[in-house]
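Please walk me through this structure, one part after another. I would like to see how the strands pair, where the helices sit and what lines the main pocket.

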Amino acid sequence: HLLRSKLKGSRDPKPLCETIEVPGERWRDAVEGYLNTRRFDVIVAPEDFPRALSLYEKHKRAYNLPGRGEVFIHGVGLVDIEKIREAARPPERRSLAEQVRTDDPLARAYADYVLGDVICCDDEGELRKHRTAITDTVMVYRGHVARQTNPEVYRRHYIGEAARVRRI
């Protein structure tokens, strides 16, 4: 609300979860679980990032949200697409990024950046073959540690139009 009402940038600010879809049911939990809170990171146009960041900083301790009164804003990521593009690499083959669909080039860049090196494995036996990997049961292998993601993280889906309809 803050950015939509005050930024007035070249693009409507939107959370990642509203700009991507996961059409394949098999990997839906894995994408939701791996992204976790990043699902809600807000994407603004690259040229709007400095002003959006200033607005966030200025209002994070006290923002009057219509209908709710004064709120404390925290935990929301603001994506610096300019820096993401500078660090861009093509997503690896079989990566979790391949499970994500979008027509939004900024969302695509961010999804590739976050998910492009997370390899989809058919079972836990394959995890150790990769630097970062995940199974469809949301077992994540990263930094030489395997960890099962808490199902509460991905049980309620937020990504895409289908998730919005399911929640309703």
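In this predicted model, strand 6 (residues 119-121) and strand 7 run parallel and are joined by 3 bridges. Strands of a sheet pair through backbone hydrogen bonds, either parallel or antiparallel. Within this pair, C120 stands opposite I134 in strand 7. On to the next partner: strand 7 and strand 8 (residues 139-142) run antiparallel, again with 3 bridges between them. Here I134 stands opposite V140 in strand 8. The hairpin made by strand 7 and strand 8 has 3 residues between the strands, and in it V138 takes a positive phi near 65°.

In a regular strand the side chains alternate between the two faces of the sheet. Strand 7 (residues 132-135) is covered on both faces. T132 and I134 are buried on one side, and A133 and T135 are buried on the other.

The loop between strand 6 and strand 7 holds D122. Is D122 buried or partly exposed? With a relative accessible area of 48%, D122 is partly exposed, because only values over 50% count as exposed. Although D122 and T135 are 13 residues apart in sequence, their C-alpha atoms are 6.1 Å apart in space. Apart from neighbours within four places in sequence, D122 is in contact with R26 and R94.

A further sheet is open and has 3 strands in the order 1-2-5, with mixed pairing. Its edge strands are strand 1 (14-15) and strand 5 (78-79), each of which pairs on one side only. Strand 1 pairs with strand 2 (residues 42-43) in the antiparallel sense, over 2 bridges. In this pairing P15 stands opposite V42 in strand 2.

V42 also appears in the lining of the largest pocket, where V42, H1, L2, I73 and V76 lie nearest the centre. Rolling a probe the size of a water molecule over the atoms shows where empty space is left. The largest pocket has a volume of about 520 Å³, and 20 residues line it. Two elements, helix 1 (2-6) and strand 3 (63-65), give two or more residues to this lining. Helix 1 provides the largest share, with 3 residues. By type, the lining of the largest pocket has 14 nonpolar, 3 polar and 3 charged residues.

Now to the helices. An α-helix has 3.6 residues a turn, so residues three or four places apart point the same way. Which residues of helix 3 (residues 49-59) are buried? They are F49, A52, L55, Y56 and H59. These residues lie on the same side of helix 3, because they cover an arc of only 125° around the axis. On the other side of helix 3, P50 and K58 are exposed. The buried residues of helix 3 pack against helix 1, strand 3 and strand 5.

What of helix 2 (residues 28-35)? In helix 2, 7 of the 8 residues are buried, so this helix is largely enclosed by the rest of the structure. The buried residues of helix 2 are R28, A30, V31, E32, G33, Y34 and L35. Just after helix 2 comes N36, which takes a positive phi of about 50°.

Definitions and conventions. Residues numbered from 1 in each chain as written. Predicted model: local features only at pLDDT ≥ 70, side-chain atom pairs only at ≥ 80, totals over all residues. Heavy atoms only, no water. Pairing = 2+ DSSP bridges. Helix = DSSP H or I, 4+ residues; strand = E, 2+ residues; numbered from the N terminus. 1 Å grid on protein atoms, 1.4 Å probe; cavity = no way out; pocket = protein on both sides within 12 Å on 5 of 7 lines; lining within 4 Å. Points joined across faces, edges and corners; volume = space filled by probe spheres on them. Nonpolar A, V, L, I, M, F, W, Y, C, P; charged D, E, K, R; others polar. Buried < 20%, exposed > 50% of the residue type's maximum accessible area, 1.4 Å probe, protein only. Arc of directions from axis to C-beta. Contact = heavy atoms within 4.5 Å.
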